Amino acid sequence: MGLSIGNKILRKIVKNEAMAQDPPEIYGWRVYLLACSACFGAMSFGWDSSVIGGVIELQTFQDDFGFTGNAKAKANLGANIVSTLQAGCFLGALIASPLTDRYGRKWCLIAVSLVVIAGIIMQAAASGNLAPMYIGRFIAGVGVGAASCINPVFVSENAPRSIRGLLTGIYQLFIVTGGMIAFWINYSVSLHFKGKSMYIFPLALQGLPAVLLCACMLLCHESPRWLARRDRWEECKSVLSRIRNLSPDHPYIVGEFREIQDQLEHERRLQGDATYWDLTRDMWTISGNRKRALISVFLMICQQMTGTNAINTYAPTIFKNLGITGTSTSLFSTGIYGIVKVTSCVIFLLFLADSLGRRRSLLWTSIAQGLAMFYIGLYVRISPPIEGQSVPPAGYVALVCIFLFAAFFQFGWGPACWIYASEIPAARLRSLNVSYAAAAQWLFNFVVARAVPTMLVTVGAHGYGTYLIFGSFCFSMFVFVWFFVPETKGVSLEHMDELFGVTDGGPAAEKGSVQGGEYDAASEIGKADQKSRHVEVSV
């Protein structure tokens, strides 16, 4: 049987050994729909961070929420409102790992969607009162932060190895798509709405991704690898067969199922009945685990120190600093910025993530982003825009550099960091690793969101030093990736030890051995077989 048109296109786009070897049936619509369903949680963050940046620029919002005093005082209040979400995200990221390991990926995603909706209702109903605005943004942040940990894990555990980068990177695509939609909603309300509805409508509408996340996840199956960890072998093989679009006795399903068994057996020899704290010690005391955790955490810190969320959140303010006048005009510019981000992210996921690879993408975009930031900073320092005059040619180049920066970020540091954090950990530590990485991301996202408005007012004339600081971080990230980050494209989740070293020998391993004996996954499957003849353990 010949290949479908979709598979032919996919094989032209994705160039790795796994794509050439694996059966074409596994690239059916189910796996894409599953990834998109889970990633509505990512859209919630992108939508919120972009909406709030425009909303705090609306005069009606400023009047209702007490934006008075000098520029620094207004910047501080705006930063407090914006960064409260990131504070909640930090907490949500930390609590996500034990919850998703116990209750599953699917139901935790449904639960966090309801948390986000509750927080958004409080924001929309705040009506000029800062207390419910702060509380609502914090509650929504807890949900968004938890989703940021669970989304990549759920997708990577379901994705075929050859397109895992593409599917996990959809997380970043949904972030920027949510941001783009929010940018254009802000622009629309600035033209067509009056009074309080100018900010109530966009604040309320940001609940749409959370509603879609809840509805879509109700239709999805649980992760097969989580089911295996709970000894639900029949369901594991059934779900794996369904999402791969192959029969349970197909050699590919048998092989992947055996890899899951072998990996789980190995992990349980080490883990026994290890607690959350045993696993945490394992993560930081075993060299192979510690290396993966540190790479994930530092990648996320670097991602935020590019300055990307400074531009995402405060885009209207930054465009005004570059000479764009009028609220509607600056909001229109942010809408174009959002389109550039989405387009470039799609290009990366289709043509670069599983072909050029993660490492090369990070390397060249580090330099490209640094150059863009340095040009903007030097322009603002040497030839700043003058109020009442048209933007000079050098200013238009600076505006182009903003758009180029957005594209460069989506070509590497945006999607690749989430791909790495979710694919490199050992199976028993995957959710914990993503939790720490996401917590680091949200912590530094909070730092950036809180500091940037003040930096734009105080760090040099017109805030030129802000851009030079972020540009310097971009250049330094090249060195980090060159020496410490290996390539992972086309490598299955069960074979990451070959890149990062073994993951045994820690406290959890000692607990497993004290309990006497090796845990034999095959024996557990045999027990399940006595109840159902649907599970076959054969090679």
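This passage walks through a pocket, a helix packing, the aromatic pairs and a handful of individual residues in a predicted model.

We may start with the open space in the fold. The largest pocket has a volume of about 500 Å³. Its lining comprises 17 residues, and those closest to the centre are E57, A71, A75, T317 and V457. Three elements supply two or more residues to this lining, namely helix 6 (71-103), helix 17 (308-321) and helix 22 (430-458). Helix 6 gives the most, with five residues. In terms of class, the lining of the largest pocket consists of nine nonpolar, five polar and three charged residues.

Helix 22, one of the contributors to the pocket lining, also takes part in a helix packing. Two packed helices are described by the angle between their axes and the distance between the axes. For helix 21 (residues 415-423) and helix 22, the angle is about 150° and the axes are 8 Å apart. On the helix 21 side, the contact is made by W418, A421 and S422, which meet R430, N433, V434, A437, A438 and Q441 of helix 22. The residues of this contact comprise five nonpolar, three polar and one charged.

The aromatic side chains come next. Across the whole structure, the search returns 18 aromatic pairs. The rings of F61 and Y199 are one such pair: with centres 5.3 Å apart and planes at 85°, above the 60 degree cut-off, the pair is classed as edge-to-face. F61 sits in helix 5 (residues 59-64) and Y199 in helix 10 (residues 197-205), so this pair ties together parts that are 138 residues apart in sequence. Both F61 and Y199 are buried. A tilted pair is formed by F374 and F475, with 5.5 Å from centre to centre and 50° between the planes. Here F374 belongs to helix 19 (residues 358-382) and F475 to helix 23 (residues 464-484), so the pair ties together parts that are 101 residues apart in sequence. F374 is partly exposed, at a relative accessible area of 26%, and F475 counts as partly exposed at 27% relative accessibility. F61 and Y199 also belong to one aromatic cluster together with F65 and F67.

The surroundings of F61 and Y199 lead on to V55, a residue of helix 4 (residues 40-55). V55 counts as buried because its relative accessibility is 0%, and buried means under 20%. Not counting residues up to four places away in sequence, V55 touches F61, N186, Y199 and P202. V55 can also be placed relative to F183: the two are 128 residues apart in sequence, with a C-alpha to C-alpha distance of 10.0 Å.

Helix 4 also holds D48. This residue is buried, with a relative accessible area of 3%. Leaving out residues up to four places away in sequence, the contacts of D48 are with L85, Q123, R137 and Q206.

A further buried position is found in helix 6, the helix that gives the most residues to the pocket lining. G92 lies in this helix and has a relative accessible area of 0%, which makes it buried. Beyond its neighbours within four places in sequence, G92 is in contact with V142, G145 and A146. The C-alpha atoms of G92 and V142 are separated by 4.1 Å, although the two residues are 50 residues apart along the chain.

Finally, two loop residues stand out for their backbone angles. S127 is not a glycine, yet its phi is positive, at about 50°. S127 is located in the loop between helix 7 (105-124) and helix 8 (130-158), and its relative accessible area of 40% makes it partly exposed. D231, likewise a residue other than glycine, has a positive phi near 60°. The loop that holds D231 runs between helix 12 (224-229) and helix 13 (233-244). At 31% relative accessibility, D231 counts as partly exposed.

Methods
Residues numbered from 1 in each chain as written. Predicted model: local features only at pLDDT ≥ 70, side-chain atom pairs only at ≥ 80, totals over all residues. Heavy atoms only, no water. 1 Å grid on protein atoms, 1.4 Å probe; cavity = no way out; pocket = protein on both sides within 12 Å on 5 of 7 lines; lining within 4 Å. Points joined across faces, edges and corners; volume = space filled by probe spheres on them. Helix = DSSP H or I, 4+ residues; strand = E, 2+ residues; numbered from the N terminus. Nonpolar A, V, L, I, M, F, W, Y, C, P; charged D, E, K, R; others polar. Axes fitted to C-alpha atoms, helices over the stretch in contact; angles between N-to-C directions. Contact = heavy atoms within 4.5 Å. Phe/Tyr/Trp six-rings, centres within 6.5 Å; stacked < 30°, edge-to-face > 60°. Buried < 20%, exposed > 50% of the residue type's maximum accessible area, 1.4 Å probe, protein only.
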